[in-house]
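Here are some worked exercises to go through with a viewer open. Try each task on your own before you read its solution.

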Amino acid sequence: MARSLGVVVLGSTGSIGVSTLDVLSRHQARYHVVALAAHRNVSMLFEQCRLHRPEFAVLADDDAADELNTRVKQAGLDTEVLSGEVGVRRVATLENADAVMAAIVGAAGLLPALDAVQAGKRVLIANKEPLVMLGGLFVREARRSGATILPIDSEHNAVFQCLPASCGSGIPIADEPGRYGINKVILTASGGPFRDCGIEELEHVTPKQACTHPNWVMGKKISVDSATMMNKGLEIIEATCLFNVSPELVDVVIHPQSIVHSLVEYVDGSVLAQLANPDMRIPIAHALAWPDRMSSGAATLDLSNLGALEFEPPRLDRFPCLRIAREVANIGGTAPSIANAANEVAVEHFLNRKLKFTDIPWLISETLEHVTAVDDCDLQSVLTADEQARMFALDKLRTKSRIRNVGEQRVTVT
Ligand SMILES: NC(=O)c1ccc[n+]([C@@H]2O[C@H](COP(=O)([O-])OP(=O)(O)OC[C@H]3O[C@@H](n4cnc5c(N)ncnc54)[C@H](OP(=O)(O)O)[C@@H]3O)[C@@H](O)[C@H]2O)c1
């Protein structure tokens, strides 16, 4: 019988983490959980420890990790509790881990995901922000270490499935542009909850409305990104590094039903698509088992009862974040990191009701205008750009709220 493979789940308490554990629990002879990591959700991580009996459990927040440690000890579990970013990074490279699911949200997942790649693991990458910031380095490091990067984002996983098998030598990239006869990559987008909203209505949308996605149940940050379509913008950048294509070869088409997850167009006019119900367990099971296949727990498609599948172009006037992300993809260097950091700050403030939905693109544009991007895109320059952008965006928001505080009189406070 084949050896059971060890899996580490980074971001285990999130939407992708929970789906990953669901898939793993369906294949207990094939996989075992080596480590789980999250930020501060003690009760969910404790329950996951009871169910999956990992060797290690990590919480990035030190106080939360202390609380988890107490509960793990009281329950007599044989799990070592670690804390802080150091703990998260340690489990990303454990010797007995064959695969690492990178599903921490945001730039916080950058270093652990990169560690896993540098350690030569099979890295299932859901956490798109690190690829947006430093995708080229991920691919180069994977080549050096022998790591396999497999995309979990449903669109990129779909593209990977539509590429020729000869591309799939471990790293899913079309090495020499044109070699595989690829004309373009077409990412589908549902259009999110505000696809048909009037532009003026967007001014007043609430976090709850923005987080109510028509087809997917996801974490809050990616839900807001889907509503602004920044998510699709980030995915354009993600595609350029994963598949080694220039931004103009990545198209976006609105497909409200979320059944066609993406497509690849070839020079002979053929277009290959991947279809499935919108259930993240499908790309997760695909990437875990690749190049084999295994069941995911998701319902199969009932084609005869699907109804119409619609496609239309995205409206850039309604979704300025998509336009900004495209511009940033063309600029390259540290510009994507600056946009990503500003977006993370903006989304957090929107979720806390401190920023209007329509101010999200405003904050990203302001940050891009004032924080200088550099062409060199190494780890240090990206971390510096991320920090500078966050500082600028936070400062801009403080200034904005002080302007608001002085009422009608709009005074700029420096
Ligand atoms: N959800 C989807 O369907 C989907 C689809 C495609 C791509 N993705 C991408 O996958 C990533 C995760 O998305 P999600 O929807 O699963 O997010 P989520 O539900 O918000 O979960 C985020 C996870 O990250 C953990 N986390 C946050 N900050 C951390 C830190 N500093 N250190 C360690 N762990 C930390 C959270 O822990 P706590 O619970 O303790 O806060 C949680 O486990 C995102 O980058 C997203 O863009 C998601």
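## Exercise 1: the mixed sheet

Strand 8 and strand 10 run antiparallel and are joined by 5 bridges. Two strands count as paired if DSSP finds at least two bridges between them, and strands (E, at least two residues) and helices (H or I, at least four) are DSSP runs numbered from the N terminus. Before going on, please note that this is a predicted model, in which local features need pLDDT of at least 70, side-chain atom pairs count only at pLDDT 80 or more, and totals for chains, interfaces and linings use all residues. Residues are numbered from 1 along each chain as its sequence is written.

**Task.** In what order do the 4 strands of the open sheet with mixed pairing lie?

**Solution.**
- Step 1: start from the antiparallel pair of strand 8 and strand 10, where I182 stands opposite Y266 of strand 10.
- Step 2: add strand 9, which pairs with strand 8 (residues 182-189) in the parallel sense over 5 bridges. Here I186 has D251 of strand 9 as its bridge partner.
- Step 3: add strand 11, which runs antiparallel to strand 10 and is joined to it by 5 bridges. L263 faces A273 of strand 11.
- Step 4: read off the order 9-8-10-11. Strand 9 (250-254) and strand 11 (271-275) are the edge strands, each pairing on one side only.
- Step 5: check the geometry. With direction ignored, neighbouring strands are turned by 20° against each other on average. Helix 7 (residues 154-162) packs on this sheet, touching strand 8, strand 10 (260-266) and strand 11, and its direction makes about 40° with that of strand 10. Contact here asks for C-beta atoms, placed from the backbone, within 7 Å; axes are lines fitted to C-alpha atoms, for helices over the stretch in contact, and angles run from 0 to 180 degrees between N-to-C directions.
- Step 6: look at the hairpin of strand 10 and strand 11. There are 4 residues between the strands, and G269 takes a positive phi near 100°.

## Exercise 2: the parallel sheet

**Task.** Which strands stand at the edges of the sheet with 7 strands, and why is one side of each left without a neighbour?

**Solution.**
- Step 1: write down the order of this open sheet, 4-3-2-1-5-6-7, with parallel pairing.
- Step 2: take the two ends. Strand 4 (80-83) and strand 7 (148-151) each have a single partner strand, so one side of each has no neighbour in the sheet.
- Step 3: add the twist, which averages 20° from one strand to the next.
- Step 4: pick one pair from the middle. Strand 1 (residues 5-10) and strand 5 (residues 99-102) pair in the parallel sense over 4 bridges, and L10 stands opposite A102 in strand 5.
- Step 5: place a helix. Helix 3 (residues 62-74) packs on the sheet and touches strand 3 (56-59) and strand 4, its direction making about 175° with that of strand 4.

## Exercise 3: domains and ligand

**Task.** Between which domains does the shell around the ligand lie, and why?

**Solution.**
- Step 1: list the domains, whose bounds come from an automatic or database domain assignment: domain 1 (5-151), domain 2 (152-319) and domain 3 (332-414).
- Step 2: the C-alpha centres of domain 1 and domain 2 lie 24 Å apart. Their contact takes 28 residues from domain 1 and 30 residues from domain 2.
- Step 3: on the side of domain 1 that touches domain 2, helix 1, strand 6 (122-125), helix 6 and strand 7 give two or more residues each. Helix 6 has the largest share, 9 residues.
- Step 4: turn to the ligand. There are 30 residues around it, of which G11, G14, N41, M218 and G219 come nearest; a residue is near if its C-beta atom, placed from the backbone, lies within 6 Å.
- Step 5: at least two residues of the shell come from each of helix 1 (15-25), strand 2 (31-38), helix 6 (128-145) and helix 10 (220-228).
- Step 6: conclude. Domain 1 and domain 2 both give residues to the shell, so it lies between them.

Note on methods
Contact = placed C-beta atoms within 7 Å.
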